[in-house]
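Here is a short report on helix packing, aromatic pairs and a few single residues. Keep the sequence and the 3D view at hand.

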Amino acid sequence: MSLRPAWLTFRRYAAATTAMTLTLFTLGVYTAATGSGLACEAQWPLCSDQLIPALTINPDFIEWFHRVWAMVTGFLIIGVAAWSWLGGLDRRTRLAATLAVVVLPVQITVGAITVTIGGLVPGGYTVTTHAAHLIVALVIFTLLGLATMWGGPRPGSPRLLRIGLAVALVGLLASAVFSRAVPFVNYSPGAQAGFYVAGLAAHLGLLAVVVTAAEATDRIGLSPGEARSTGVLAGGAMALLVVTLLLGRDLVLYTSGWETANRLALVGSIVLAGAAAWIARDAESAESTGVAAARGG
């Protein structure tokens, strides 16, 4: 008799872990943007000679809370990999989940360096450790997204494709509101957190479109050519989105040239995602019309 409740499937557990990782990513951005990553007297794992600092909203607490969230999320990620093996999931699900765990120590190490050695550099973090911390986090997030999508019944309906495209487009448009590429709002720590919540949601939506278009051509009303075009456009949008996510941090001297490049990448990502949605919509409409005609006949 299993002690696991019936509602707790691998996919739901992996999805919750992915959501925890998205939150962790955003907390990390907020922590860095407020300068709290330089708190705790550049100590790790202790914080200002304490295991638990004063539980009030201050830089030490923000940095400590980020570390605690990271620790909990890390154990959940290990759980995803363990379940994928013990639950007998397919090879690629196990591979994605296992790679997330393999990369996890790299992220922990870079994070420790960022708030100790990197944090001792006058003016803030070093570009190298900051960039590595962001890129490795995105790799883990993407692997968890793949494990979630692959770890259950295969995506194969027009509805799932629509959801992925809707999440992508809404996320991209929302990220544009907070992005430093478009001066709608002041790029404050809160706005930076909002930008990454929306951007990472869009990244996950585009990833779902790529996976669905690649795997379920015969079940979502797309011809092979339409499926290929949808997947390529979504993949291109995802690549441009990653550029905006990288430029959202202080990894380069943000000149007017970089601002223009950031704006072009953001607009290009929205245009490509919109084109993918247009192709998928037309294909689905054609399929629906065909089904209705068959029923009428």
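A residue counts as buried under 20% relative accessible area and as exposed over 50%, with partly exposed in between. The model is predicted. Thr 23 has a relative accessible area of 31%, so Thr 23 is partly exposed. Thr 23 sits in helix α1, residues 10-33. Its C-alpha atom is separated by 9.5 Å from that of Ala 70, although the two are 47 residues apart along the chain.

**Val 101**

Val 101 belongs to helix α3, residues 91-115. Its relative accessible area is 23%, so Val 101 is partly exposed. Which residues does Val 101 contact, leaving aside its neighbours within four places in sequence? They are Ile 77, Ile 78 and Ala 81. The C-alpha atom of Val 101 is separated by 9.4 Å from that of Phe 75, which is 26 residues apart along the chain.

**Helix α7 and its partners**

Helix α6 (residues 189-215) packs with helix α7 (residues 224-247) at an angle of about 155°. Their axes are 9 Å apart. Angles over 145 degrees count as roughly antiparallel, so α6 is roughly antiparallel to α7. The crossing of these two helices is left-handed. On the α6 side, the contact residues include Phe 195, Tyr 196, Gly 199, Leu 200 and His 203. On the α7 side, they include Ala 227, Thr 230, Gly 231, Met 238 and Leu 245. By class, the residues of this contact are 16 nonpolar, 6 polar and no charged.

Helix α4 (residues 127-150) also meets α7. The axes of α4 and α7 come within 10 Å and cross at roughly 145°. This crossing is right-handed. Leu 134, Ile 135 and Leu 138 of α4 make the contact with Val 242, Leu 245 and Leu 246 of α7. What classes of residue make up the contact of α4 with α7? There are 6 nonpolar, no polar and no charged residues.

Val 242 and Leu 245 of α7 appear in the contact with α6. Val 242 and Leu 245 also appear in the contact with α4.

**Aromatic pairs**

A pair of aromatic rings is described by the distance of the centres and the angle of the planes. The count of aromatic pairs comes to 8. Two of them are set out here.

| Pair | Centre to centre | Angle between planes | Geometry |
|---|---|---|---|
| Phe 61 and Trp 64 | 5.9 Å | 35° | tilted |
| Phe 195 and Tyr 196 | 4.9 Å | 80° | edge-to-face |

Start with Phe 61 and Trp 64. Both lie in helix α2, residues 59-86. They are 3 residues apart, so about one helical turn separates them. Are these rings buried or exposed? Phe 61 has 16% relative accessibility, so Phe 61 counts as buried. Trp 64 is buried too, with a relative accessible area of 17%.

Now take Phe 195 and Tyr 196. Phe 195 is buried because its relative accessibility is 1%, under the 20% cut-off. Tyr 196 is buried because its value is 0%. Phe 195 and Tyr 196 are also among the α6 residues that contact α7. Which residues do ring pairs link into a cluster? Phe 25, Tyr 187, Phe 195 and Tyr 196 are linked in this way.

Key
Residues numbered from 1 in each chain as written. Predicted model: local features only at pLDDT ≥ 70, side-chain atom pairs only at ≥ 80, totals over all residues. Heavy atoms only, no water. Axes fitted to C-alpha atoms, helices over the stretch in contact; angles between N-to-C directions. Helix = DSSP H or I, 4+ residues; strand = E, 2+ residues; numbered from the N terminus. Parallel < 35°, antiparallel > 145°, perpendicular 65-115°, else oblique. Left-handed = near helix turned anticlockwise from the far one by under 90°. Contact = heavy atoms within 4.5 Å. Nonpolar A, V, L, I, M, F, W, Y, C, P; charged D, E, K, R; others polar. Buried < 20%, exposed > 50% of the residue type's maximum accessible area, 1.4 Å probe, protein only. Phe/Tyr/Trp six-rings, centres within 6.5 Å; stacked < 30°, edge-to-face > 60°.
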